Amino acid sequence: MTWQQRIEQRLAEKRASDSLRIRQVNECGSGRYLINNGGRFLNFSSNDYLGLSQHPDIIRAWQKGAEQYGIGSGGSGHVTGYSLAHQQLETELAAWLGYPRALLFISGFAANQAVIAALAGKQDRIVADRLSHASLLEAALQSPAQLRRFAHNDVAALNKLLTASCDGQQLVVTEGVFSMDGDQAPLAEMAESARKAAAWLMVDDAHGIGVLGEEGRGSCFDQGVKPELLVMTFGKAFGVSGAAVLCSDTVADYFLQSARHLIYSTSMPPAQACALSAALKVVRAGDERRVRLHANIADFRRGLVQLPFSLTESHTAIQPLVVGENSRTLGLSARLRERGFWLTAIRPPTVAPGSARLRVTLTAEHTQQDIVALLEALYDETR
Ligand SMILES: *Cc1c(COP(=O)(O)O)cnc(C)c1O
């Protein structure tokens, strides 16, 4: 089979199983409304939980940063791409979350890949929640370490894996808030399991940072846990993009030697770091936004009782409506779109086969009326 034939065949398979992924061209894709093809849709699919992607102070900070530093960073942080703006943001993040150091990455995907690749060697074992994000599981699969997955949030299963003999070191990997289900990891128990096994804990808190805990410090702070490695991303509640890894001095120094995504990649624009420092201020002072968000979550869950979806464990901004089949999920998404709601269908392999879903994401920008309107539309379309 030629390259061309193989690729055509794979695309045909995707089409046949209703799992072909396509992108939508949006005039604006974040904030309360999504604008597509001249139409305005209530946006229940963005990760912009606090509505910061449109925040005037943050936009202005980015503009001012661009005027001061120019557009690009000019290189990897190891060459010329590490500026005062980057250093300041790292210092602020480390102080905010109570770690000696923070290192910036261009994305959460890159941060997870870099951390796991830099740490895990041949004798080591990575013990990961089986619903961990693709960036974590793929990095673990590519690493020379052994990968063992435990049943979702199952601490007994985690303990069992950790007590099996291991010649090297063990790394426990989980998310704080699970990206497709919205439920939270039992971090205190997991940290205790890791401690007993002399393993390190790595928490990817992409969806907890900004949303949970005092000043939005996230899942770990909320549960009184301090993992050796905390990954936070800026594409969700911070409303921008990029990521940071929080760790000790020694580990940060080691990553500077070994994290290939830092060494061989252009660092984020300094102006983006300026914007992120501004975003951090808004996140820290964002109690009002968090209160609105959590009120929206509670309203939505109350209304959900009337709908034919099972109520999940999620008390976060991510509220999955599991439909099942791909075609039915796509159909429901399309009918809601006709009524002015944007809810992207999430299908396998992002989620388990047979569990295609509409992943409702609530934000602080939604009003109570928005939530009611969505619930009514869902009620009509699923009766
Ligand atoms: C979004 C996400 C990432 C990837 O972060 P990006 O900055 O978008 O690359 C990693 N982990 C989790 C849990 C995520 O939800």
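**View A. Backbone contacts of the ligand at G108 and F109.** In this predicted model, a backbone N or O atom of G108 lies 2.7 Å from an oxygen atom of the ligand. F109 also takes part through its backbone: one of its polar backbone atoms is 3.0 Å from an oxygen atom of the ligand. Of the 380 Å² of accessible area that the ligand has on its own, the protein covers 83%.

**View B. The shell around the ligand.** The ligand is surrounded by 14 residues. G108, F109, D204, H207 and K236 are the closest. Which helix gives the largest share of the shell? Helix α4, residues 108–119, supplies 3 residues. By class, the shell holds 9 polar, 3 charged and 2 nonpolar residues. D204 makes its approach with the side chain: an N or O atom there is 2.5 Å from a nitrogen atom of the ligand.

**View C. S83 in the loop between α2 and α3.** S83 sits in the loop that runs between α2 (56–69) and α3 (84–97). Is S83 buried or exposed? Its relative accessible area is 15%, under the 20% cut-off, so S83 counts as buried. The S83 side chain has a polar contact of 2.7 Å with the side chain of H86. The side chain of S83 also reaches the backbone nitrogen of A85, at 3.2 Å.

**View D. Aromatic pairing at Y254 and F255.** The structure contains 5 aromatic pairs. In the pair of Y254 and F255, the ring centres are 6.2 Å apart. The two planes meet at 40 degrees, so this pair is tilted rather than stacked or edge-to-face. How is each partner exposed to its surroundings? Y254 is partly exposed, at 40% relative accessible area. F255 has 0% relative accessibility and is therefore buried.

**View E. An aromatic cluster.** W96, F234 and F238 belong to one aromatic cluster.

**View F. Charges over rings.** Two arginines are shown with their aromatic partners. R217 places its charged end over the ring of F221, 4.8 Å from the ring centre. R337 lies over the face of W342. Here the distance to the ring centre is 3.7 Å.

Definitions and conventions. Residues are numbered from 1 along each chain as its sequence is written. This is a predicted model: local features need pLDDT of at least 70, side-chain atom pairs count only at pLDDT 80 or more; totals for chains, interfaces and linings use all residues. Side-chain values use heavy atoms; hydrogens and water are left out. Rings of Phe, Tyr and Trp (its six-membered ring) pair if their centres lie within 6.5 Å; planes under 30 degrees apart count as stacked, over 60 as edge-to-face and the rest as tilted. Buried means under 20% relative accessible area, exposed over 50%, partly exposed in between (1.4 Å probe, protein chains only). A charge sits over a ring if NZ of Lys or CZ of Arg is within 6 Å of the ring centre and within 35 degrees of the ring normal. A residue is near a molecule or strand if one of its heavy atoms lies within 4 Å of it. A polar contact is a pair of N or O atoms within 3.5 Å; within protein, one must be able to donate a hydrogen and the other to accept it, and residues adjacent in sequence count only if both atoms are side-chain atoms. Accessible areas come from the Shrake-Rupley method with a 1.4 Å probe; for residues, only the protein chains shown count as cover. Helices (H or I, at least four residues) and strands (E, at least two) are DSSP runs, numbered from the N terminus. Ala, Val, Leu, Ile, Met, Phe, Trp, Tyr, Cys and Pro count as nonpolar, Asp, Glu, Lys and Arg as charged, and the others, Gly among them, as polar.
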